[in-house]
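Work through the exercises below with the sequence and the model open. Try each task before reading its solution.

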Amino acid sequence: MKSFHDLLINRRSTRNFTENEISPENVKTILETALLCPTSKNNRPWQFIVVEDKQMLQELSKCKDFGSKPIANCSLAVFVTADSNVDTWIEDASIAAFAMQLQAEDLGLGSCWIQIRNRFQSDMSSAEEFVQNLLEIPAEMRVLCAITLGEKNEVRKPMDPEKCIWEKMHIGKW
């Protein structure tokens, strides 16, 4: 990318991926990006589960009725978890998750944030508990999201800065 601003304009959620695998170097770069992210008081409450097994990805895609299908066809998914005993776990995990998305875009790869926390299936069973059980995640670790990653199999238009809603920006006071 030419600049960080350009990266933000061009990063779009990718829900359709090719069957090609991501190179080990690119996977390492994306994962390292998450581990380099800042956290409150340098607590680093997050932990990440990388899933590449196609059968497991297929199972995990059933964690909720709507919005989790990209898990089934991505090259790999990174499940972002964090220690719920740390008061900033959501913020810290969110920073790492989005940083992985930006890094993927910078490498020419696609990604999509799949929300897990506070999401449910139609029978009101918890998407988070579903993922925790399948991936054997300890009870104190909460699952924020999955970041699906892969080679893009769709073309999306860049964001249009002309459509920024400047009325949402307040200077000095509301």
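Buried means under 20% relative accessible area, exposed means over 50%, and partly exposed is in between (1.4 Å probe, protein chains only). This is a predicted model: local features need pLDDT of at least 70, side-chain atom pairs count only at pLDDT 80 or more, and totals for chains, interfaces and linings use all residues. Residues are numbered from 1 along each chain as its sequence is written, and side-chain values use heavy atoms, with hydrogens and water left out.

**Exercise 1. Salt bridges**

Task: Find the salt-bridge partner of Lys152 and say which parts of the chain the pair ties together.

Solution.
Step 1. Apply the rule: a salt bridge is a side-chain nitrogen of Lys or Arg within 4 Å of a carboxyl oxygen of Asp or Glu. By this rule the count comes to four.
Step 2. Look around Lys152. Its partner is Glu105, with the closest N and O atoms 3.0 Å apart.
Step 3. Place both residues. Helices (H or I, at least four residues) and strands (E, at least two) are DSSP runs, numbered from the N terminus. Lys152 lies in the segment after β4 and Glu105 in helix α5, so the pair ties together parts that are 47 residues apart in sequence.
Step 4. Check exposure. Lys152 is partly exposed at 29% relative accessibility. Glu105 is buried at 5%.

Task: How far apart in sequence are Lys28 and Glu32 in helix α2?

Solution.
Step 1. Confirm the pair. Lys28 forms a salt bridge with Glu32, and the closest N and O atoms are 3.7 Å apart.
Step 2. Count along the helix. The two residues are four residues apart in α2, so about one helical turn separates them.
Step 3. Check exposure. Lys28 is exposed at 56%, while Glu32 is partly exposed at 39%.
Step 4. Take another bridge, Glu59 with Lys62. Here the closest N and O atoms are 3.1 Å apart. Glu59 has a relative accessible area of 32% and is partly exposed. Lys62 is partly exposed too, at 39%.
A general point: side chains of opposite charge can pair when their charged atoms come close.

**Exercise 2. Nonpolar cores**

Task: Which element gives the most residues to the largest nonpolar core?

Solution.
Step 1. Define the set. A nonpolar core consists of buried Ala, Val, Leu, Ile, Met, Phe, Trp, Tyr and Cys residues joined through side-chain atoms within 4.5 Å.
Step 2. Take the largest core. It has 22 residues, and Val80, Met100, Ile147 and Leu149 have the most contacts inside it.
Step 3. List the suppliers. At least two residues each come from α2 (24-35), β2 (76-83), α5 (89-106) and β4 (141-150).
Step 4. Pick the main one. α5 gives the most, with seven residues.
Step 5. Set the other core apart. A second, separate core of 19 residues includes Ile114, Ile137, Val143 and Ala146.

Task: List what Met100 and Ala97 touch, leaving out residues up to four places away in sequence.

Solution.
Step 1. Use the cut-off: contact means heavy atoms within 4.5 Å.
Step 2. Met100 touches Ile30, Thr33, Ala34, Phe48, Val78, Val80 and Ile147.
Step 3. Ala97 touches Val80, Trp113, Cys145 and Ile147. Ala97 lies in helix α5 and is buried, at 0% relative accessibility.

**Exercise 3. A loop serine**

Task: Is Ser61 buried or exposed?

Solution.
Step 1. Locate Ser61. This residue is in the loop between α3 (54-60) and α4 (70-73).
Step 2. Read the area. Ser61 has a relative accessible area of 3%, so this serine is buried.
Step 3. Find the polar partner. A polar atom of the Ser61 side chain lies 2.6 Å from the backbone oxygen of Gln58.
Step 4. Add the contacts. Beyond its neighbours within four places in sequence, Ser61 is in contact with Ser68, Lys69, Ile71 and Ala72.

**Exercise 4. Positive phi**

Task: Where is Lys41 found, and what is its phi?

Solution.
Step 1. Recall the background: most residues other than glycine have a negative phi.
Step 2. Phi of Lys41 is positive, near 55°. Lys41 sits in the loop between α2 and β1 (46-51) and is exposed, at 73%.
Step 3. Turn to Arg44. This residue is not a glycine, yet has a positive phi of about 50°. Arg44 is also in the loop between α2 and β1 and is partly exposed, at 47%.

Note on methods:
A polar contact is a pair of N or O atoms within 3.5 Å; within protein, one must be able to donate a hydrogen and the other to accept it, and residues adjacent in sequence count only if both atoms are side-chain atoms.
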